[in-house]
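Trainee: I would like to go through the charged side chains here and learn how each label is earned.

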Amino acid sequence: MSNSPSRLTRRQFVARAAALSAAPLFVPASVLGRENRPSASERIRIGVIGLGSRGFNLLDSFLAQPDAEIVALCDVHDRHHRDLAWGKGKAYGREPARQLVEQKTAEHTKSGRGLSELQVTADFREICGRDDIDAVIVATPDHWHAFCTLEAVRSGKDVYCEKPVTHFFHEGQAVYREVAKRNAVFQ
């Protein structure tokens, strides 16, 4: 990857994308000097673990980034409605997320640039085990954050994890030690 000022490193991208996910800021690619999506070798390949309300917010933010490519989705539920009765409110889970990503991908591929096939799974270890994924978003219920983060970092992934990262002090220590050991990017 070139070190020219107009291109982001993977670490810079994860840091900037995480910051953007906190605010509803969407800037057209033309403002950034990019009319088309970058080639596959210039994109960060991302897996999203946890497809509830916050997972969808993050998914929307990363789908708006021209340097990001969502290649894998994971949630234990095919479809759910958070704490509401079945069929009430917005649907979350694997199937609604798959539809969202495929819709956004179809919009991007009209320019002729193909994107990778989307993997949809109920087992986060399948995402962590993929060698072709650069970064993982952990947006599961919080009692799973440390476990999913550690698995992803040990598998060589950079990680954006929702708060709280852990429930227990010793889990936090395990996360920061593993991140340091692997020289991973962690937000």
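**Salt bridges and burial**

Trainee: Why is Asp78 called partly exposed?
Mentor: Asp78 has 41% relative accessibility, and since buried means under 20% relative accessible area, exposed over 50%, and partly exposed in between (1.4 Å probe, protein chains only), Asp78 counts as partly exposed. Bear in mind that this is a predicted model, in which local features need pLDDT of at least 70, side-chain atom pairs count only at pLDDT 80 or more, and totals for chains, interfaces and linings use all residues. Residues are numbered from 1 along each chain as its sequence is written, and side-chain values use heavy atoms, with hydrogens and water left out.

Trainee: What makes Glu95 and Arg98 a salt bridge?
Mentor: The term requires a side-chain nitrogen of Lys or Arg within 4 Å of a carboxyl oxygen of Asp or Glu, and the N to O distance for Glu95 and Arg98 is 2.2 Å, so the pair qualifies. Both residues lie in helix α3, three residues apart, about one turn of the helix.

Trainee: How do you know that Glu178 is buried, and what is its partner Arg182?
Mentor: Glu178 has 9% relative accessibility and therefore counts as buried, whereas Arg182, at 39%, is partly exposed. The closest N and O atoms of their salt bridge are 2.6 Å apart, and both residues lie in helix α6 (residues 169-182), four residues apart.

Trainee: Which residues are joined into one network by salt bridges that share partners?
Mentor: Arg43, Arg45, Glu69, Arg130 and Asp132 are joined in this way, and a search of the whole structure finds eleven salt bridges.

Note on methods. Helix = DSSP H or I, 4+ residues; strand = E, 2+ residues; numbered from the N terminus.
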